[in-house]
Amino acid sequence: MTASRLAASGDRIDRSRLVRFEFDGGSLTGFAGDTIASALLANGIDLVGRSIYHARPRGIVSAGPEEPNALVRVVWPSGVSEPMLRATTVPIEDGLRVASLAGRGRLETTTDPGRFDAANRHCEVLVIGAGASGLAAAEAARDAAPADRVFVIDAQPALAGPEVQPDTTALGIYDHGYVTAVQRHPTPTTDGRLWHIRAKRIVIATGATERPIVFANDDRPGIMLAGAGATYIERYGVRPGERAVIFTTNGTTDAVAATLGAAGVEIVATVDARAGEAVVDTLGDDAGRISGVVITSEGAAPTTVEADLLLVSGGWNPNVALWAQARGTLRFDERIAAFVPDGRGPGVPIEAVGAAAGEIEGIGELRPLWVVPPHGESGGDTSDPWIRHYVDLGRDATVSDLRRALGAGLTSIEHVKRYTTIGTGIDQGRTSGVVTSAIAAAILGQEVGAVGVPTFRPPTVPVSFAQLAARDRGALADPIRTTPIHPWHVANGAVFEDVGQWKRPRHFPQADESMEEAVLRECVAARSGVAVMDATTLGKIDVQGPDAGVFLDRVYTNTFSTLKVGSCRYGLMCRADGMVFDDGVTSRLAEDRYHMTTTTGNAAAVLDHLEEWLQTEWPDLRVRATSVTEQWATIAVVGPHARDVVARVAPGLDLSTEAFGFMTWRDAVIAGVVGRVFRISFSGELAYELNVPTWHGLALWKALIAVGEPLGITPYGTEAMHVLRAEKGYPIIGQETDGTTTPQDLGMGGLVSTKKDFIGRRSHRRPDAARADRKQLVGLLPTDPTALLPEGAQLVSLDADLATTPVPMLGHVTSSYRSAALGRTFALALVKGGRDRLGERALAPLVTGTVEVEITGSVLFDPESRRRDGEPPA
Amino acid sequence: MLLVPCPWCGPRAEIEFRYGGQAGIAYPKDPDGLTDAEWVEYLFLRDNPKGPWRERWVHTAGCRRWFDVTRDTLTNEFLG
Amino acid sequence: MSGVTDDHVPQHPDRLWRHPEPKPAYDVVIIGGGGHGLAAAYYLAKIHGISNVAVVERGWLAGGNIARNTAIIRSNYLWDESAAIYEHALKLWETLPEELDYDLLFSQRGVMNLAHNLGDVREGMRRVHANRLNGIDAEWLAPDDVKRLCPIVDTSPDVRYPVLGATYQPRGGIAKHDHVAWGYARAADRLGVDLVEGAEVTAIDIAAGRVTGIQTSRGPIRAGNVAIVAAGHASIVAAMAGLRLPLQSHPLQALVSELLEPIHPTVVMSNAVHVYVSQAHKGELVLGAGIDSYNGYGQRGAFHIIEHQMAAAVELFPVFARAHVLRTWGGIVDVSPDASPIVSKTAVSGLYLDCGWGTGGFKATPASGWVLAHTIANDEPHALNRAYSLERFETGALIDEHGAAAVAH
Amino acid sequence: MSRGVSIWPIARLAQISLRADATDRALAGRLAPALGAALPTAPGTVASTPDGGRHILWLGPDEWLVVGPDDSAASIEGAIREGSREAFVTTVDVSANRAGLELAGPAARELLGFGCSIDLDAAAFGPGQCAQTLLARAGVIIWAMLDGDAPTYRILVRPSFAGYLGAWLADAMDGLPDRPG
């Protein structure tokens, strides 16, 4: 085949703009508007790759997204490389590097400077495709709807006019008029845009795709769909060959012949199936390019004509993928021997128009011809004459594979697709799909319509992962939530941990401190001096109304209606299944008002939980819940010297134990702002939780650091907080619990009321909740006081035979730390029947050996709570 | 991406909602009076039809109201 | 497809199964021609000598979840009951290609579960320690080990989803899902099991508390025993026998890329961000997404789930940026309250259930069929599925795999 | 050249969450004069006092956000208390619970459209309307202030998300075409 650029014609190219690009290392030129395929043909290059399994030379079959063959690797001028694109769909640009490949792409881009984004669009009518029928539908739609509410997209570059959004391909139609589409270069600086379109009516005007006819050696470079041959001449000013044979079943090739003639292509033969003629084989030159066509006419002996171009038209398949995705049914239309849109279920109105609906212009009378049987030696392998009848060029799948699949008893077209992989390539079976069904039908003695086509899967064209990620990349991949004090944490070298979307300081290392050293130092400060922590992330919910107490009694396992105004109480929540859901301290602000706190991770879930029960179960209760999590910045001031520090920022507040006792709260002016102080402690030490409006959080923090400086005030993070609470045996929901843990398992049966119903109570009476061997919360002391158990370690009995699996397990370590206060390591664990095992020893088998532990109570530090009002008298 | 009909805010994208499963499952009047079998009915047993059914959604990113709606679980069409 | 008989099919050495007309009666009828049903039929014939068995399939054989999953195989589950049955499955996988004399493309390339926060680390360490004591190969990997085993994972500390470590099961891997089903189907067919496609069950006949047969679109079939193994439609079929199951059916999506040169040597799962990815033998990347929130039988999910999954995938694997999504599809997963399956006798004698595998079905295929066959043949559960009874929901003895944050898929 | 939209943070506002039974006509009748404007009952609408100093945003069938100048929280709560008498009405000062920023310019609507799934068409969402929805991955209240050539929107967002949303908006502006002026 000797393709070349014509002197004139080509309405898509701008001959005034020369574009330089590379193909397999060689430097080439084309015109602006050329696709890689048209530019290669213009340069006389038609051999663009090898086939994936048979390593057959392959060329360009089409001029559009149906291309199964001309797959290339592309490196953009930016250096970004695309593993595998269809040469027929990529416009060339200066500096583009193109490489042929053999069916498999290569991923290389690790840092991608490309910019992809997404956008939403609502419209009354979405028209997909700006051909004549699409534009007509759009025109009609504009009579009924404002012009800017009729959205027309077209996959081709700007041609149709300003009212059409070009370079935009619909990927799929989903429920309720939702359509996704991808747009190439929406702005000069954006590579691609993913459109989320919501339409009240959808018009599918996506046209039709020409299909090939299957015959021996039908995969040679130089064998092209007939319409594509004309497209290269008319759109790109490229003559695809000099001596052409046209093999047709229908009238659409008449116009093609005229176009070829006008472009000076000699038509050496027209092989018309309607006249009983057929192409039975092709011959190739040394490179495998087509050099001759073997033709038969009914009865007559095969004759061979020399040709460098074979244009094939087996007919046209309406592009019904979007229709079918939208749950539209298909019907086999004998008139054009193709599947056309039929019925549809409920949903937004969707219609197909024009060629997409089966109105193929100029198709005239069509005589279906799907496959031309082998003759003589074609295929070269007489044992199987079908091995060179290619059905899916992208997958190197042949009629021989198809026969093997059916012979294997795989009679469903879905089975055939899976067994042969026909239709699973980049072209999604656009050229091979219906042909496959027809051949299968012929073999099975069934109607094509009865065999059907495989389910159409979105997206209609391949779309890059980066395009779908759009703007959700890097730091924007997922929101990062920060507290008002975050800037100070950053400035002071905090090491952060992710808690949900929050960034929380885990510890504040000084100089070259290790985490272990930093955490020990922070713990010592909290137990012997004073330390501060940013607790702003704690969930906070304002619960108001005359029935607030009754409501909380139903939500918490323990009782809150009896809580005195001005007091605070720790509460446990269960789900209906009886398992622990959340915990926190809730304070009574007034007769009809409570301030609830939740864990950081569950703040939103608890509010949802409250709303669900209020709205759907107890609408009679006069209670309202409002999130105030971010209204308040919360700072915990902890340690024997906490009182002195708080006194300096809240001078008006009487902090004496008598006036302001444990588990009470007070309004106060704090660092000049109206706020609240809660005397609650998650460490066992004297502690105050200061709440001021978020605006003032950073200022208060800085004030505390300043006034506490003489007392050696120490900021601490979540790790020290965990150590301090663990020394006191306070559980962390989600760490000491895992969704299978009851309050009783945590040793908190005392917090479970027997006098009232609450969410989850009934579940506690199920047989399993009463099992004696339920896992219960205990403490662990490694026999070697320096041995630190890994969290998650499992426990077995001392005499367990570790050589014989499965080894019965007693439980697992939920928390494990080095304790400054205890001068040793310790852990918390959930152990079967744990509370009856206190004093027993157990083994923790680790990869590195076993660690012996003693099972103890869970409260290891200050069990009498003598420290909560401050340093106790020695 | 479903278009979920919030009775207050109008149709909104599915991502604004949380799903609540089958509608009309009332918390038992007297849980203590129930057998384990009756309690598990409430706790775990739900219809699971292929076709129209009554379900709950909550408009978490909007008005935070819970509401019931009928949807066909095969076609996803909301039937009011 | 219904109506096709063997007269139409060209004779061929690779014949997988016959297309028999259903007989009037069978000892056992299995409703559902998916992986689990075919495996159960095979083990009934092979191990228990019960070959007068029919597998009735509404559509085309193995066209449900067995044809729609991401083909990941592992046994590193947290709870003892889960570990036991999934490890039994893995042991069967390891000899299955030989036993079925079919190339299942079973590749033990290892499965990695990434930890992105301290909670993930704790859960992963707990699982690794439990797995080892349960005789399951499990390791904890530091970020450097993750990088060594799978260089394309971004393990730098400053990314949105930092990799703090991972659990690793070297014996885990993937297999070719269709081949698994076809291998079981061929083996069952050879042992005399009738595989009946295009036969939709319309009723289950029960007399005096005992199952007696089924009605299908291809006529009535009498049966001594009936097993419901219809993943995605278990509730619908069970309702025909008056059973109400604690199951909800949801869409679950997956996708593949174009064919790529080998780049991803193992299987990486990130439960926190719902990314599950391997590279199949032909070269396509296979990714599983998160489950859709709402009940649905449409075998399609919402696109935003794919978008979120791609955002996470590109963060974890920057090299995937210019890979392309070629095809997405949806399956239907039946999810139980504790995300664990039900393999159980029922109140109707002779009627058995094998359902509720949620997202864990494919990897369990051999063990599911194996224990179901045992349960039917002995009218008693095997030790491996005793805990997976219907009663557990009543007693509260759940096997709470999502409660324990165990990784789905 | 410009991107056709400018974004700036707005000064602190008094924000009061008001929950009341909208169907209680007597209550509504008392609250209107007390607040200077009637509680809007149409979803997603905003009522403003004649002087434009105070606005009442519909957030739900029994929930409103009353917005006024900084430091007017107490007077707003006082007015509500006065108007509600014995009726079951709750107020919560949430002034610091949401931060505010404004977007204005010919491209403001297009910019929001990059991350917001509701229909922002002027006909569907214009001045006097507000919506609780998602902008990118952050929950927000979008409040249409002005229409015309330079539509103006006010965005209220949880302070912890403000950094994310700011970064997202800055990134999104790169998706807007350059325009003269």
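A residue counts as exposed when its relative accessible area is over 50%. A:Asp799 has a relative accessible area of 67%, so this residue is exposed. The model described here is predicted. The points below take up chain A and chain D as wholes, then selected strands, loops and backbone features, and one glycine of chain C.

**Chain A as a whole**

- Chain A contains 17 helices and 49 strands. Its radius of gyration is 38 Å, whereas the globule rule gives 29 Å for 874 residues, so chain A is more spread out than a compact globule.
- The C-alpha trace of chain A measures about 115 × 65 × 60 Å along its principal axes.
- Of the 874 residues in chain A, 63% are buried.
- Among contacts in chain A between residues at least 6 apart in sequence, those joining residues at least 24 apart make up 64%.
- The exposed area of chain A is about 29800 Å², and 53% of this area comes from carbon and sulfur atoms.
- Chain A carries 85 positive and 105 negative side chains, with 5 Å between the centres of the two sets.

**Strands E6 and E7 of chain A**

- Strand E7 of chain A covers residues 81-86, and six of its six residues are buried.
- Strand E6 (residues 71-75) of chain A pairs with E7(A) over four bridges in the antiparallel sense. Within this pairing, A:Leu71 is opposite A:Arg86.
- The hairpin of E6(A) and E7(A) has five residues between the strands, and A:Gly79 in this hairpin has a positive phi near 95°.

**The loop between E45 and E46 of chain A**

- A:Asp799 belongs to the loop that runs between strand E45 (794-797) and strand E46 (811-819) of chain A.
- From A:Asp799 to A:Ala842 the sequence separation is 43 residues, and the C-alpha to C-alpha distance is 8.7 Å.
- A:Pro806 also lies in the loop between E45 and E46 of chain A. The peptide bond between A:Thr805 and A:Pro806 is cis, with omega about -5°.

**Other backbone features of chain A**

- Most residues other than glycine have a negative phi, and most peptide bonds are trans.
- The bond from A:Pro458 to A:Pro459 is a cis peptide bond with omega near 0°. A:Pro459 sits in the loop between helix H9 (448-451) and strand E30 (463-464) of chain A.
- A:Ala55 is a residue other than glycine with a positive phi, near 55°. Its place is the loop between strand E4 (49-50) and strand E5 (57-58) of chain A, and with 43% relative accessibility A:Ala55 is partly exposed.
- A:Ala511 has a positive phi near 45° and is likewise a residue other than glycine. This alanine lies between strand E32 (502-507) and helix H12 (515-528) of chain A, in a loop. A:Ala511 has a relative accessible area of 83% and is exposed.

**Chain D as a whole**

- Chain D has four helices and 10 strands. Along the sequence these follow the pattern β-β-α-β-β-β-α-β-β-α-β-β-β-α.
- A compact globule of 181 residues would have a radius of gyration near 16 Å, and the 17 Å of chain D agrees with this.
- The C-alpha trace of chain D spans about 55 × 30 × 25 Å along its principal axes.
- Buried residues account for 59% of the 181 residues of chain D.
- Chain D exposes about 6600 Å², of which carbon and sulfur atoms supply 54%.
- Chain D has 14 positive and 20 negative charges, and the mean positions of the two sets are 3 Å apart.

**Strand E7 of chain D**

- Five of the six residues of strand E7 (residues 99-104) of chain D are buried, so this strand is largely enclosed by the rest of the structure.
- Strand E1 (residues 6-9) of chain D runs antiparallel to E7(D) and is joined to it by four bridges. D:Pro9 has D:Leu101 as its bridge partner in E7(D).
- Six bridges link E7(D) with strand E10 (residues 152-157) of chain D, again in the antiparallel sense. D:Glu102 has D:Arg154 as its bridge partner in E10(D).

**A glycine in chain C**

- C:Gly33 is in the loop between strand E1 (25-31) and helix H1 (35-48) of chain C. Its relative accessible area is 0%, so C:Gly33 is buried.
- Not counting residues up to four places away in sequence, C:Gly33 touches several residues, among them C:Leu38, C:Val55 and C:Glu57.
- C:Gly33 and C:Pro265 are 232 residues apart in sequence, with 32 Å between their C-alpha atoms.

Key. Residues are numbered from 1 along each chain as its sequence is written. Chains are lettered from A and ligands numbered from 1 in the order in which they are written. This is a predicted model: local features need pLDDT of at least 70, side-chain atom pairs count only at pLDDT 80 or more; totals for chains, interfaces and linings use all residues. Side-chain values use heavy atoms; hydrogens and water are left out. Buried means under 20% relative accessible area, exposed over 50%, partly exposed in between (1.4 Å probe, protein chains only). Helices (H or I, at least four residues) and strands (E, at least two) are DSSP runs, numbered from the N terminus. Two strands pair if DSSP finds at least two bridges between them. The radius of gyration is taken over C-alpha atoms; the globule rule is 2.2 Å times the number of residues to the power 0.38. Accessible areas come from the Shrake-Rupley method with a 1.4 Å probe; for residues, only the protein chains shown count as cover. Lys and Arg count as positive and Asp and Glu as negative; His and the chain ends are not counted. The place of a charge is taken as NZ of Lys, CZ of Arg, CG of Asp or CD of Glu. Contact means heavy atoms within 4.5 Å.
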